[in-house]
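Biologist: I would like a close look at a single part of this protein, set against the rest of the chain. Please take one strand and its partners as the starting point, and then follow the links outward from there.

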Amino acid sequence: MKTIYPARSQNSIIKFTILGIVSTALFLSNTLAAEADYGIEAFHTKWFWTRPKEGFYSVDVGLKSTASDANFKGNKAFAFGDLNNDKLNDLVTVSEDQKSFQPYFYNSESFKFTSSPLSTAVPDGFHIVSIFINKEQTGQQYLFVTMQNDVTNVAQIKLYVPASDSNSYVDNPAVAPIMIQYKSQPFFFDVNGDRKNEIMFNSPDQVDGNYVVKVGAFNSQNQFVVKDFSEEYAILPSQDSNCKTPIAGSLSIPHSGSFLDIDGDCMPDLFLTKTYTNPEGVSSTQYEIYIQKKFNNRQRYCMVQTDDFKYLGGAESQIPLINFADMDRDGMTDMVFFRDSAVHTFYNQYIANSASETNLCKTAYESQHLVNNRFFGYFNNIGNDDKNIQKQTMYFSDDKIIELTDVAKDVPGRIQIADIDADGFPDVLLTGKILRDSKDISQTAVFMNSKASVETTSQLIIDNAQGASKTQNGITKDSRRELSEQTGDYKIQDIAGLTSTGGAFIDIDEDGRIDVLLQKTSDKQITDLLCVYNNYVKDTFFLKALMVNTVNAYGNALSGPSYRLIVTDLNDEKFVVIGSQLTQSAYNSIQMPYCYLGVGRSNNYVESFTAAYSIEGERSIRVWTPIIPNSQLIIFAPEQNVNNWTLELFINPTSSLALIVIACLICLFIIGVVIIILHIGEKKEDQKNKQKAFDYL
């Protein structure tokens, strides 16, 4: 029997069939998209609606597979920098056994790194603990590789130069290795203001039971000239009675050597952590702050403040690696480190010049004032001054972080700081060990910097003896800021898994959004790198600043320049954003070669941008205004005279430009249609009026 459906029923069946096919296709496409391992090119398609939705994505940037050299297995990130002067971030990695290294060059067209043809092996018996990318004013690029031998208890720095293919590196036989204290690492910075980096290191031999802090540099004949830091560069009390005497110790292991502005005068100061052993064999470790001054027409350093790490309590042998950032956006640099399961933030107690003042750089203080007025509170004031000293216990979910995970052999873990959402408040990336279900595991998470609040239901409220409310993590009613683990936006835990060993902030594709380079251990116990791409779109702005010592030499980044800018927020309030460039180089600080400044939300230009540096002891400060936000600024500083400094500005169109153009065209079309309709209506009305007038006549 043949069944005949009415025409309406047939149409309904056809509609439902089409809808089913479309729904199935959409479901499959979404499923495939969710499971796809994207490349960065997927986020740069011509049409915005074809791009993946907002989120964190594990993307292939050419680092997952091992290098072209079959002897190079594993990948551990050791250095960022511009190796080939193309204004892009390149990468130097070391192998799993840390006995060879490999440069990777970023290609902006393929959005991937390309490894050099061959890896470079260090001498037998040595393993790599540090790599520093250095360029001279000639444009020649060098790699200073620090390595140590655990059998002979020897450590040295070797200089490697580009091979004939310009991609690989070879040992320079004309330069002898620089011998340093076993287990120590050097610190690279511009100690004398000649716009070239010198090397600070511990001598290989002891004097009166202590290693000596030395500073060395290569002269024009490739001879390494070494000087004693205290004798050559420190201002002693016999020369200035207000300067303190540096202890006769060595850079601590590990140490936190830093070169950045601490007192707000825009000139880079010197922060060192040193260990001293007395004649009885008892050792102590302290930090020392040296303010830069010009003395006898030379760039010198006056020690003004110290503090001993023994006052932190706990295991005195745990010397923390210290980072610096303006955590509360008050225009002054704060001190941040992880120890005893907590992030310690020591807020700078000095007051910065406000946005309403003509000069954002403070006049240099007298030495006596700096000696009597501390930048950071004493360590033994933890718990007694919650406004200036904050100790926040850190958790992954409900599991307390026991300690930070070592990045590599003889390379301890450390905090990584960057403003990942560009709101003006630097955020934190932590990779640490926790105990879960009686198992030691390692996790990585982003902790956002937000206004502190004790009114939280997720943590137990405790009342201490003084009656001040305090959460389980140590935040009190007097705390300024709070670090919150991200489980929504910027959640990285699922990608990192339980085998991550480190991470670093980097803007892979130079789109102005901070990404994460994650280091993980595979099932085969091989360390590999993956890029976690930041595809979150926030209504905030940023600036990148890079100061170099030679015109058109983008890879010749200086160490220690400071930047200050004035921004007006949506509430019409002005504030100052600060930052410094390449402030640290030891113990896998792995900083981006430029300074990334989160501006936050604003409806105006950056009103004033100040770039400053010290050249041969003289303050060199240049101000530009106004500046377009979401741009990269490159300052060429070839000499002390700031009138000869030049500025290049690079800006990329917003990723929503196509949407804006389409919206504008639609609006113009609608307005045009309305105008035409009104015009036609008016013409008809005029015609009627003319007809009436004619009939009347």
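Modeller: What follows begins with the chain as a whole, moves to one strand and its pairings, and then goes on to the spaces and single residues around the chain.

The model is predicted, and its secondary structure comes to 5 helices and 44 strands. The protein chain has 697 residues, of which 53% count as buried. If one takes the contacts between residues at least 6 apart in sequence, 57% of them join residues that are at least 24 apart.

The part I have chosen is strand S29, which spans residues 427–436 and is mostly covered, with 7 of its 10 residues buried. Strand S29 pairs with strand S30, residues 439–451, in the antiparallel sense over 9 bridges, and within this pairing threonine 431 has threonine 444 of S30 as its bridge partner. The two strands form a hairpin with 2 residues between them, and in that turn aspartate 437 has a positive phi of about 55°. Strand S28 also pairs with S29 in the antiparallel sense, here over 3 bridges, and alanine 418 stands opposite aspartate 427 in S29. Strand S27 is joined to S29 by 2 bridges, again with the strands running antiparallel, and in S29 it is glycine 432 that stands opposite leucine 404.

Two of these partner strands lead on to spaces in the model. A general remark helps here: rolling a probe the size of a water molecule over the atoms shows where empty space is left. The structure holds 4 cavities of 30 Å³ or more, and about 730 Å³ of space lies in the largest cavity. That cavity is lined by 38 residues, and those closest to its centre are Phe324, Ala325, Ile417, Ser580 and Tyr596. Strand S28 (416–418) is one of the elements that give two or more residues to this lining, together with strand S21 (323–325), strand S38 (562–568), strand S39 (574–580) and strand S40 (595–600). The second largest pocket has a volume of about 610 Å³, and of the 25 residues that line this pocket, Gln318, Ile319, Asp406, Pro412 and Gly413 lie nearest its centre. Strand S27 (403–404) and strand S22 (334–339) are the elements that give two or more residues to the lining of the second largest pocket.

Strand S39 can be followed one step further through isoleucine 578, which lies in that strand. Because its relative accessible area is 14%, and the cut-off for buried is under 20%, isoleucine 578 counts as buried. Leaving out residues up to four places away in sequence, isoleucine 578 touches Asp326, Gly331, Met332, Thr333, Tyr563, Arg564 and Leu597. The C-alpha atom of isoleucine 578 is separated by 9.7 Å from that of glycine 264, although the two residues are 314 residues apart along the chain.

From strand S30 there is another route, by way of glutamine 486, a residue in the loop between strand S33 (481–485) and helix H4 (493–496). Glutamine 486 touches Val446, Met448, Lys491 and Gln493, not counting residues up to four places away in sequence. The side chain of glutamine 486 reaches the backbone oxygen of aspartate 489 at 3.1 Å, and glutamine 486 is itself buried, with a relative accessible area of 15%.

For a second loop position, one can turn to serine 184, which lies between strand S11 (178–180) and strand S12 (187–189). Serine 184 counts as buried at 3% relative accessibility, and a polar atom of its side chain lies 2.6 Å from the backbone oxygen of glutamine 181. Apart from neighbours within four places in sequence, serine 184 is in contact with Thr146, Asn202, Ile253 and Tyr587.

Strand S12 in turn belongs to an open sheet of 4 strands, with the order S12-S13-S14-S15 and antiparallel pairing. Strands S12 and S15 stand at the edges of this sheet, each with a single partner strand, so one side of each is left without a neighbour in the sheet. From one strand to the next the twist averages 40°. Strand S14 (residues 210–218) and S15 run antiparallel and are joined by 5 bridges, and alanine 217 stands opposite valine 225 in S15.

Note on methods:
Residues are numbered from 1 along each chain as its sequence is written. This is a predicted model: local features need pLDDT of at least 70, side-chain atom pairs count only at pLDDT 80 or more; totals for chains, interfaces and linings use all residues. Side-chain values use heavy atoms; hydrogens and water are left out. Buried means under 20% relative accessible area, exposed over 50%, partly exposed in between (1.4 Å probe, protein chains only). A polar contact is a pair of N or O atoms within 3.5 Å; within protein, one must be able to donate a hydrogen and the other to accept it, and residues adjacent in sequence count only if both atoms are side-chain atoms. Contact means heavy atoms within 4.5 Å. Two strands pair if DSSP finds at least two bridges between them. Axes are lines fitted to C-alpha atoms, for helices over the stretch in contact, and angles run from 0 to 180 degrees between N-to-C directions. On a 1 Å grid over the protein atoms alone, a cavity is a set of points where a 1.4 Å probe fits but cannot get out, and a pocket is an open set with protein on both sides within 12 Å along at least five of seven lines; lining residues have an atom within 4 Å of a point. Grid points are joined across faces, edges and corners, and a volume is the space filled by probe spheres set on the points.
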